[in-house]
Amino acid sequence: MVRMTVERLERRLMEAADLLRGSLEPAEYVPVIGALLHLKQADDRYGNSLPKAARWTRLTEVSGGLPAEERLRAVFAALANEGPPQSADAASLLLVGTTKRSHTGMTRVIEHFGRLRLSDDDLAHPDVLGDAFESLLRWSADAASHKGGEFYTPRGVVRLLTALGRPAAGMRVYDPCVGTGGMLIDARRYVRDHGGDAGSLFLAGQDANSGALLLSSLNMQLHGAEQYRLAQGDALTHPETPGDCFDLVVSNPPFSMNYSLASVPHAAERMPYGTTPERGKADLMFLQHMLYMAQGRNGSVVTVMPQGVLFRGAGEREIRTRLLDADLIEAVIALSPNLFYGTGIPACVLVLRAGRRPDSRHRGRVLFINAEGEYYAGRAQNFLLPEHAEKIAATFHSRTEVPGFSKFITRETLTENADNLTVHRYVRREAATERQDLRAHLEGGMPAVEVTAAKPLLDAYGVQPTDLFQERAGSSDYLDFRVRGERPNTHTLTRMARTRESTLWEAFDKAWESVTDQISDAFRLDSSSVPGQPGQVPWTAVRNAIADTVRKPLAQIGLLDSYAVGGMVEDWLGQNEATFKALAARGFAAVVDDWCADVTDRLTAGQPRARYALDTALEHPVVIALLPGFLSELSSARERAGELSAQLKEAMAADEQGEADLYPGDWAGIPALRRARSTAVRRVRELEADMPLEEARRALDAEGARAVVLGALRDDLSGRLTRILGERRAEFIALYEAWDAKYGLSFQEIEGRLPGFSATSRALRQTPWSQQSGVDPRHRDAELLFNVIEAEEAINGEITKLDMKQHFALLPVLDAVDERSSDVERLSLGDVVLSLTRGTAGPSSTDTSGLPVIWPSNMTGAGLDLADLRYIIGSGRVGHRLAPGDVLLGGLRRSERIGQAYRVAVWHGELPDATHSSYVLRLIPDPARLLPDYLAAWLRHPLVRRRVETLTTASPMSLDRDLLNSDIELPNLEEQQRLVDQIARLAAEQADRRIQHDKAVRIREGLAGRLLGGPLDF
C-alpha cells in the first residue's frame, strides 16, 4: 500500500493554501489548514469512536444550509466536549479563533482534505503530519515577511538554542513567548535524536497572540507531544504559574517591546535585579521572568536578545551588574545580522544559570563568543547552517577559548569596562586588512611570515612552503618565487590538493561501507529477511551511530575542520530524516514505493506548475536510478525539438525580411521545418506522458530496492562532500594566486623591462633600507614614491603603444583593397560565415544545475570572463550549443540591463557545454576561408567597429542582415594566421604590462598611505 509521505502531504497543504490565498493572509489561513489537518487525522485515526457530531462527514453535509464555517465550528465544539483527550485539548483552543472569518474557499478546502487518508496506517512514518505542518509554518513565515518574526523563529536559530540548552529526558521545558511552539518541538527532537524518551518531557508555553497559540497547539498535536500545557497571556503581565518550575527556559521574546511596570504582578519577587525603562526596553524584564521560572529547579535560561541589552545604560546597566555579581551569566554570544524575519537588528544569545553555582574553574568568568561571521548569506536573509550552530554550541559546552572567536572574561575586567557586555569589545575577529610587505614588492620574494600565517591551510593539504617556493639563500625572512613557467598554476595546485582529497575519499568509502551495514542491519530488506518488524527499530537508535561513523574518520584526515564535517553530516541526516524514518517503519521496498508515488504525484500537478513539477520529478533519485535510458532519450528528444524550434524561428524571421537566402543550411524551407519540429515536439510529449516508472519498479527486487535507497543516500552525502571540498580547494588555490598576484612580480623586474630605465633600479637605491645616514625617512619615501609614479606613467605609455600596434597590424589589410592589392579580397561577411544566430531568450538564473549562458557581461576586451555565469533551466528552451571556433559578438542590442558595450570573443571550448543569450550573436566562420581569431580581430578593430555600430538597429533581423551584408577584408589563410599570431603576441605583452601597472599602483598607494594616511599601510 502506498502511504502518505512528508513530501506529498506538503504539496497537499500548499494546494490548500492556494485555495485560500487572496481572501486571507497567511497568518489567517494557516490555522484553518492546520485545524482541518488535525480534524481529518482525528477522524481517520479514531473513526466510529468519535461522537457523530465530531465526524468529518458533518463538514460535508450541506442539507442543513449552514455555511462551511459554522459546520466547522460545530464539529470542533463536539470534538472539544466529547472527543478523545488528546484531540479535545487542541479542539478547545482551535474553537476559539480558527473560524471567525468567512471566506469563499472553505468549502473547496474541506473537499480537498476529504480526499486525504491520514490514519496511522496511511502514513509513511509517525512524524509525517508534524513535519509537513512545520514546513507549512516555515513557508507562511517567509510569505508573511516582516510579520513572520512575530510567531516563527528561523530553524537554524532554534536548533542553536536547543543545542546550547541540551534538554534531556524527564526535563520540564518552558517558553514564555511560545509562538508556533518551535522551541518546544525542537526540544523533543533533540532528546529523541540523542536516544532519550521524548515523551517524558513536560513542555509548557504561553503567548499573548491567540493565533500563534493556536498554531502552537496544532504543532504539539501533530508532532505527537503528550505532556504539555499552553496558556494565553503576556508573560510579563499574566505569567504562567511556575508550579514545580522548569529545568530549561528557552525563548525568542519580542525585541524592544513597550510594557507597563504597574501591570507586572509581583515585580519585586520576579524581577529582583532591577527594572528597565518602560518604553521599548522590556527585554531584560523578560529575561528576569525566565530566571524566576527556572530558579526553583536550578535550571538554565537560553534566550535571544537584541544586542542593545549588552551596552545600554540606566536601569539595564544596573541589571547587568547585579546579574554579573550573582554570577548568573554563563555566556554571551553575538550572532550575525539579518538572521530573523522582519528585522535586521543585531541579536545575541544569552545563556544563564538560575540558582546553581558554577564550578571553580569558571567562577567569576563569562564566556564571550563572537559568531558574527558564522552564517550563510542568502538573497534576502542570512541563515545559520548546522556547521555554524555546531561550532558555536561545541565551543560553549567545551568552554574552549579560540583566538578571534571565543574568550573568557573575568568579573574584574568587566567591572573595568562598566559592565559593558558588547562581544566585539573582548573578542575581535581577525582584521580583514591585507598585509603588505614593501621590501617584497620592490625586491621580490614571498614574506615567510605570511606563509606561516597560512600554515593551517597548507598543512590541511600536506603542502610544504618549498612545494610552492624556493628557499632564499642567506635569509629566512623571505622565500623566492619559482621562475615563470615553473610556478604552480591552477592545474598543479589542483593536483596537489587531490592528493589529500583522495585520502579523504578513501576514508569516506570505508565509512560508507560501515554505514551501509548499519542501515541494512537496522532496517532490513523485507519482513522475512531479518527477524522482527520494521517498526521495532527506531530511527533514533541508529542515528548517532551513523553520524559518528561518518564524522570521525573524515574529521581525522584534517582536510576539513570538525565543524564543517559535523555540519555536513547533520544537514544530510536532517534532509533525509523522512527517508530514515520510513525505513525504520517499513523497510527499503516501501521507501522505493513511496518515492515512485511521489514522482507520480508530481506528474499529476496542474498548471501553472506542470513544467516545473515534471522537471523536478525527472531529478528525483528514484527516476535517475531506475530510468537512465529513458532520461537519455528524453534529453536528446528535447534538445532536438529545441534546435528545430530555433531554426524555424530564424527561418521565419528571414522570410519576413525577404532575406531567406542569407540563412543557408539544410532546413529545406519553412514547411519542412514545421513538420520536423512538430514531430520532435510530439515525441517529447509522448515520452513525458509515458514515463515507464511503474514498469521499472515492478522489475525491482528487494536487493534492488536496497541498492536504490542506499545509492540515493550515498549520492546525496557525497554531493555535499564534493561541494565543501570544492570550496576548500578553491580557498587553497586562491591563496597562492593572491600571493603570486601580490608579490610574484617585483618592482625591480618591472623597471628592468621598461625602456630607458637603468639596469640597476633607481628606486631600489633609495629604499628605506639604504645606508644613507642623516636623511629623513619621509624624504626617501617621497623620492621612492616619485620614482614609482614615473614608472607607472611609463607603463601606461607602453600599454597605449601596444594597443595601437594591435590596430596597426590590420591597417595594411584594411588599406590593401583600396590599393587594389591582389593579396586581399573584399567579400560580404555572409559569403564567409556559415551561420549567424541569436541565442536563447527568456529568463536565466544562478542555479548551477542548468546550462551556462554567455551574456555580453561575460565578454571582455581580453576574451571571456566566466566567473559570474547565469544558467538556463530546462533543455527545451535551448536552441544552440556553443562549439569551439564560434565567434561571439555582443552589445549590439540596446538594453538598460546590460548596456551597449561592444564586445567580441572566440569560444575555445572553455566549458563542456554552454549556450548564448539573445543579446549575443554567434558567427560560425567557413573554416576553408576564414579563421575565427582573424574574424574576432577584424571585428575588434576600431575602423570595423565604427562600421558595425552605424548599422541600422530598427529590428534584430535587419541588424543581422546588414551585418552579413557588410564587407570584410580577407587575406589568404596563411596571412590571416600570421596576423593572428602577431596580434596575440602584442596582446600577451599588453596583458603583462597591465599586471605591471597594477603592481605599480599597489606600491604607489602603499607609499602614499605611509606618507599621507592612505588606504594601505606598509
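**Notes on a predicted model: two loops, two helices and a strand pair**

1. A good place to begin is Ala-314, which has a relative accessibility of 64% and therefore counts as exposed, the cut-off being over 50%. Please keep in mind as you read on that the model is predicted. Ala-314 sits in the loop that links β5 (300–306) with α13 (315–325). Its backbone deserves a look too: the phi angle of Ala-314 is positive, near 55°, although the residue is not a glycine.

2. Next, please turn to Asp-419. This residue also is not a glycine and has a positive phi, near 55°. Asp-419 belongs to the loop between α15 (411–416) and α16 (423–426). Is Asp-419 buried or exposed? Its relative accessible area is 5%, so Asp-419 is buried, the limit being under 20%.

3. Helix α22 covers residues 540–557. How far apart are its end C-alpha atoms? They lie 27 Å apart, and this agrees with the 26 Å that 18 residues should span at 1.5 Å a residue. Just after α22 comes Gly-558, with a positive phi near 90°.

4. Staying with α22, which of its residues are buried? They are Thr-540, Val-542, Arg-543, Ile-546, Ala-547, Thr-549, Val-550, Arg-551 and Leu-554. When you look at that list, a general point may help: an α-helix has 3.6 residues a turn, so residues three or four places apart point the same way. The buried residues of α22 pack against several other helices, namely α9 (182–193), α14 (386–398), α21 (490–522), α23 (562–575), α24 (577–586) and α31 (702–743).

5. Now for a strand. β25 spans residues 967–971 and is mostly covered, with four of its five residues buried. Its partner here is β15 (residues 824–828); the two run antiparallel and are joined by five bridges. If you would like one pair to find on screen, take Ser-828, whose bridge partner in β25 is Asp-967.

6. Last, a look at Arg-12 in helix α1 (residues 6–20). You might ask: is this arginine, Arg-12, buried or exposed? With a relative accessibility of 13%, Arg-12 counts as buried, because the limit is under 20%. Which residues does Arg-12 touch, once its neighbours within four places in sequence are left aside? Its contacts are His-112, Leu-116 and Asp-601.

Key:
Residues numbered from 1 in each chain as written. Predicted model: local features only at pLDDT ≥ 70, side-chain atom pairs only at ≥ 80, totals over all residues. Heavy atoms only, no water. Buried < 20%, exposed > 50% of the residue type's maximum accessible area, 1.4 Å probe, protein only. Expected span 1.5 Å × (residues − 1). Contact = heavy atoms within 4.5 Å. Pairing = 2+ DSSP bridges.
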